[in-house]
Amino acid sequence: AQPEDEDCAVRWLCLAALLRESNPPVRASTGRSHSVFIDGEGRLSSCGWAGGLRPGLLGHGEGVTRLDTPTRLSSTLGGERAVSVSAG
């Protein structure tokens, strides 16, 4: 059984949406109210809620505080693939 708080529900919805993609996640990490995923090609996506005190937490800039569906992050890895992620 899943916990019933909103944060958990958002994480489950994010993961369910990613699993329907043609390139589903191979790694995932969750924080209290956000999740970060790595797909099979080493690309990062995030979703969740950043709250008013943590601008930029989701990785999409300070103006983005909530993403209800996984959204791919622009790459700053210079062509390298992500292999590990932590959303602490």
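# A walk around the pocket and strand 2

By class, three nonpolar, five polar and five charged residues make up the lining of the largest pocket. Keep in mind as you look around that this is a predicted model.

**Stop 1: the pocket.** Select Gly42, Leu44, Ser75, Thr76 and Leu77 and centre your view on them. Of the 13 residues lining the largest pocket, these five lie nearest its centre. The space in this pocket comes to about 170 Å³. Two of the names, Gly42 and Leu44, will come back later in the tour.

**Stop 2: the whole chain.** Now zoom out and switch to a cartoon view. How many helices and strands does the chain have? It has one helix and four strands. Follow the cartoon from the N terminus and you will meet the elements in the order α-β-β-β-β. The chain has 88 residues, and 34% of them count as buried. If you turn on a surface, the chain exposes about 5600 Å², with carbon and sulfur atoms supplying 52% of that area. Among contacts with a separation of 6 or more, 37% join residues that are 24 or more positions apart.

**Stop 3: strand 2.** Select residues 34–39. Is this strand enclosed or open? Strand 2 is largely enclosed by the rest of the structure, because six of its six residues are buried. Show the side chains next. His34, Val36 and Ile38 point one way, while Ser35, Phe37 and Asp39 point the other way. Such alternation between the two faces of the sheet is what side chains do in a regular strand. Here the residues on both sides of strand 2 are buried.

**Stop 4: across to strand 3.** Add residues 44–49 to your selection. Strand 2 and strand 3 run antiparallel and are joined by five bridges. Two pairs are good to pick out. Phenylalanine 37 has serine 45 as its bridge partner in strand 3, and histidine 34 has glycine 48. Then look at the turn of this hairpin, where four residues sit between the strands. Glycine 42, which you met in the pocket lining, takes a positive phi near 80° in this hairpin.

**Stop 5: leucine 44.** Click on leucine 44, which is in strand 3. Why does leucine 44 count as partly exposed? Its relative accessibility is 23%, and the partly exposed class covers values between under 20% (buried) and over 50% (exposed). Leaving aside neighbours within four places in sequence, leucine 44 touches Val36, Phe37 and Ile38, and also Thr71, Arg72, Leu73, Ala82 and Val85. Try a distance tool on the C-alpha atoms of leucine 44 and arginine 81: they are 9.0 Å apart in space, with their positions 37 residues apart in sequence.

**Stop 6: on to strand 4.** Strand 4 spans residues 66–72. Four bridges join strand 3 to strand 4, and the two run antiparallel. Select glycine 48 again: opposite it, in strand 4, stands leucine 67. Glycine 48 is also the residue in strand 3 that partners histidine 34.

**Stop 7: glycine 88.** Finish with glycine 88, in the segment after strand 4. Is glycine 88 buried or exposed? It counts as exposed, because its relative accessibility is 86%. Setting aside residues up to four places away in sequence, glycine 88 touches Gly31 and His34. From glycine 88 to histidine 34, the C-alpha distance is 9.2 Å, although the two are 54 residues apart in sequence. That brings you back to histidine 34, one of the buried residues of strand 2.

Note on methods:
Residues numbered from 1 in each chain as written. Predicted model: local features only at pLDDT ≥ 70, side-chain atom pairs only at ≥ 80, totals over all residues. Heavy atoms only, no water. 1 Å grid on protein atoms, 1.4 Å probe; cavity = no way out; pocket = protein on both sides within 12 Å on 5 of 7 lines; lining within 4 Å. Points joined across faces, edges and corners; volume = space filled by probe spheres on them. Nonpolar A, V, L, I, M, F, W, Y, C, P; charged D, E, K, R; others polar. Buried < 20%, exposed > 50% of the residue type's maximum accessible area, 1.4 Å probe, protein only. Contact = heavy atoms within 4.5 Å. Areas by Shrake-Rupley, 256 points an atom, 1.4 Å probe, with all protein chains shown as cover. Pairing = 2+ DSSP bridges.
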